[in-house]
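Let's take a friendly walk through this model, looking at folds and at contacts between chains. Please keep the viewer open as you read.

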Amino acid sequence: MTTPLIQIRGLQTGYQLSDQKVVTTKGPLTLEVQRGQLVCLIGPNGAGKSTLLRTIAGLHPPLKGNVEINGRDIRLLSPIQRAQTVSLVLTDKVRTHHLDVYSLVALGRYPWSSWLGGLSDKDRAAIEWAIDSAGVRPFLDRKINTLSDGEHQKVMLARALAQDTPLLILDEPTAHLDLPSRIRLMRLLHRLARQTGKGVLLSTHELELALQVADEVWLLQDPSAFYCGAPEDLVLTGAFEAAFAHEDIRFDKQTGTFTIEHEHRRPVVLSGEGLAAQWTQRALQREGYFISDEAPCSIRVSGAASWTMTRDGKSYSFSDISSLLQALKKTDPQ
Amino acid sequence: MNKLLIPVLLVCLACNQPGGKSPAAAPAAGDSITATSSIQYAKGFRIQYYGQYKVLNMVNHIAGQSDTLRYLLLPEGVTPPADKAGMPVIRIPVKSLVVLSSSHVGLADFAGVADRIIGLGSLQYISSPEVRQRIKTGAVKEVGLDNAINNELIVALHPSAVLTMSNPDITSGKNRTLADAGIPIMPIAEWLETTPLGRAEWVKLLAALTDREETVNKKFDSVANEYQRLAALGAGAASHPSVIIGMPYKGSWYMPAGESYMVRLLNDAGADYHWKDSKGTGSLSLNFEMVAPIALSAAYWLNLGTVESKAQVAANDSRFTQFAPYRSGALYNNTGRTNEIGANDYWESGVANPQLILADLIRIVHPGLLPKDSLYYYKQLQ
Amino acid sequence: MPVIFPKVRLAGLLLLLFLAFLLDISIGSVKIPLKEVFHILFASSSADSTWNFIVEKIRIPKAMTAVLAGCGLSVSGLQMQTLFRNPLADPSVLGITAGAGLGVAMVMLSGGNMATLFAIRELGISGSLLITIAACVSAGLVMILVLILSSRLRDNVLMLVIGIMIGGITISVTSIWQYFSSPEQVKDYLLWTFGSLGGVTGGQLLILSSVIGTGLIMAWLSSKMLDALMLGENYARSMGLNPRRARLVIICSSSLLAGSITAFCGPIGFVGIAVPHITRQLFRSSDHRVLVPGSCLIGALLLLLCDTLSQLPGSSTVLPINVITALAGAPVVIALLLRQKNINAY
């Protein structure tokens, strides 16, 4: 059996505040991450995801238990050895003036470069590979304080890649990014894990994206509730539902998405099939309706772009959902 | 006439202050009525003698301007004359003094009244053996200097006067306490005089305070005569060797300005001083580069500060070893009479004995001109 | 683009530095012809032995002190700005320079105290030598205190606060002594605080050069650590930086530089905070292997020019160096910062 990339035993994380001990993960956790795996750590804000990640990365001492990477306890490694094993992408903002993208990426070679910081050919090759993998070549000459959030995130990823470690840990890498960038980043990480055999561990709020790319999900609901498994298993066992349970939201096991629970639910009859009917239902739900068999108002969707509303015997036709909803609001005000 | 005498006597008796002596009776101690002093050299004060009392005028410098402070020196039992009402009164002879500067200790010592000092600014640096003895027996208390002056202590001592170095602005908070307690504060600004004899002449002020004019005047006259005699010798000397003064700090060298008392001493000693024609009574702030050419070829180097040996001079700055006075060993410091606690008598008795300083200077720059060659205040650095 | 070591710019600065050096030694209160200055500089001889003395013993040591002080203060300021990631940090931020001032105050203001008298009588040192030694000793003690504290702290910001507190304490103690001192003593101390580049000669210059040289080499060798620290301590640690060792080396070298210069020349302000900014702008780089030598050269150049200005050619007085560095330097930095498009400096 191959040694797992990360082996966690009996871990309990937290920190010491003057006279008080704050436990962020009671555990005791026993976990593994294999090479080529992408693991997503998910949980509500303040549950302790950051502390757990930093403990695994060796930035923070655990309260109990230990973390081994490639079979070696991280606490026994020298700072350089640890840097050659784990690289990080954090939420810390780096806004140093006059630091250009190439130099920042090159800093990733810190644990490998000479004592004065000189770069060998191998170092330069690693940097070039990192630049291309993270896609930062287009803005290589720019100073980092002129980058957008998305570009900044990519540069920090490139730096971590340049560090060329078997394990890559990212703390909320998708925060501050727009939707396309988020998707692209998750896809990139998934591909990296598969193609390079690196282990990738990241924390995120992007449940829906995680469901698509994660090989394993670690769900940290609160310090004493920790679940791990394939994302699909966590859906089916209802773990996700329980973790994010809230009176205003509902986890839809069918679609794997969260839906907002609306108030003032009135019934409406809906008939029709296909995509248009699906989306009409969503629109109606947003307006505070639920689909029922009996209702004073009924709506029929025909084809892809035709809506008919029947109320008190009268029928009205609409060519888009927006006008349908406006009419609904007028006749059924609340 | 005889008929009138008794009523006049009675009236005079009635005019007596209660508990005091009658004005007709001559005061027992001192010779205040007959002896007077005339001030020849000092510019900072004048004394007017009016038979039963004296008026002391002192030039007082406040913030660049000067005005005159006047004190009425009145023997015990004498009422202040009507036309001098409002003038601060000091009862003489003064029985006790609080002195804040060691130079004033020197003046008091010369005047023979050092035993009247009951308070000193600092007990640390005193040369006078008499005062040191009184300190040992606890007859002299320490009252503090500058910002640390303890007014309560001074008031508790009840001195007849407090002698300070400068401006006794009684409206300022600190001094008001003393003024309110009826303790006169007198600025003894001998240090503002530009001639050595002018400085020394301030002993006559102390004499006036203590009714010792006759003795002090005699002493001062002999000092002045000796000084003039020596000055004539110095001026008439064949050569006038060049002299540099003081120790620079980093790049700045402070030299006495042409009108200061130090330069006067040098002129009287027959020494040549490069900046003798400069204006000012204080110091010139010169940069090392300007002094260096003079220092390289000067004949004598005087008043080097806290150094005790040639080695220390070199340690302060290795460039000094190239100066001519260093090479020839002509380094003379005015610390020859420093006692075991670090007090330098040059600044104490030296103030009242400029003739001794002048004699030293002449011996230094004109060896052999004077019969004895041993130095009093100065010593040669080895 | 990979970083190219800016050899041309550095060489250009070196040349400018040499010219500034020549200018500084040619100008002074005593008028000496340029030809003679060259003779003395290169052939060590001149017709007039006084001129020889002035150029060789007064002007050249002063110019060399300016170079050393300019190098040392700039690099010390650079290190402090990087370590604390604070564009306003300067060499005095750890309290070392205030510590030096404390030693000087002890000698000058409470002059009759035991330590001073002991030094004067038993050890035979006095005057400016005593002042320099006292400043070195007190700066050294503060440096040791700061190093001990830094090894216990995890956070750099706390170091900054401690440094400011130490500075505050020394200033308070000095103020107390000033309050109880005579006007002459206070004036002497005040003159010390104006800074002075003259008077460091012979053995003293040798000692200063060795200490500054050591500090500069240490700073340059820690370039890699400084580069990593720019990303913040978390990233730096994740890249393999040992934060304790890094802090030790950086604080040590910065303190050696700042402390020794303050001990020998008095506190010289402004150079440490301004030159790193000027250097970063000029070289458009954050690589400390470039910034350290760059700051050296620019700092030395700046201080030489300030020294030249302070000499007011022909006059017999010299303005204190601190006055010139502030008056000449501040507008330069303001202009530079305003020209930047991005106000988010550093």
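The report below goes through chain C, its meeting with chain A, and the domains of chain A.

Please bear in mind that this is a predicted model. A good place to start is chain C, which has 15 helices and zero strands. Its 346 residues would give a radius of gyration near 20 Å if they formed a compact globule, and the 21 Å found for chain C agrees with that. Along the principal axes, the C-alpha atoms of chain C fill a box of roughly 65 × 50 × 35 Å. Of the residues in chain C, 53% count as buried. Contacts that span the sequence are also worth a look: taking those in chain C between residues at least 6 apart, 78% join residues at least 24 apart.

Now turn to the partner chain. Here 28 residues of chain C are in contact with 28 residues of chain A. On the chain C side, the elements that give two or more residues are helix H10 (223-229) and helix H11 (233-238). That side of chain C comprises 11 nonpolar residues, along with 10 polar and seven charged ones.

Chain A can be read by its domains, set out here.

| Domain of chain A | Residues |
|---|---|
| Domain 1 | 1-85 + 165-246 |
| Domain 2 | 94-164 |
| Domain 3 | 266-331 |

Domain 1 of chain A is thus listed in two segments, 1-85 and 165-246. How many Å separate the centres of domain 2 and domain 3 of chain A? Taken over C-alpha atoms, the separation of these two centres is 54 Å.

Terms used: Residues are numbered from 1 along each chain as its sequence is written. Chains are lettered from A and ligands numbered from 1 in the order in which they are written. This is a predicted model: local features need pLDDT of at least 70, side-chain atom pairs count only at pLDDT 80 or more; totals for chains, interfaces and linings use all residues. Domain bounds come from an automatic or database domain assignment. Two residues are in contact if their C-beta atoms, placed from the backbone, lie within 7 Å. Helices (H or I, at least four residues) and strands (E, at least two) are DSSP runs, numbered from the N terminus. Ala, Val, Leu, Ile, Met, Phe, Trp, Tyr, Cys and Pro count as nonpolar, Asp, Glu, Lys and Arg as charged, and the others, Gly among them, as polar. The radius of gyration is taken over C-alpha atoms; the globule rule is 2.2 Å times the number of residues to the power 0.38. A residue is buried if 20 or more other C-beta atoms lie within 10 Å of its own, exposed if 12 or fewer, and partly exposed in between; C-beta atoms are placed from the backbone.
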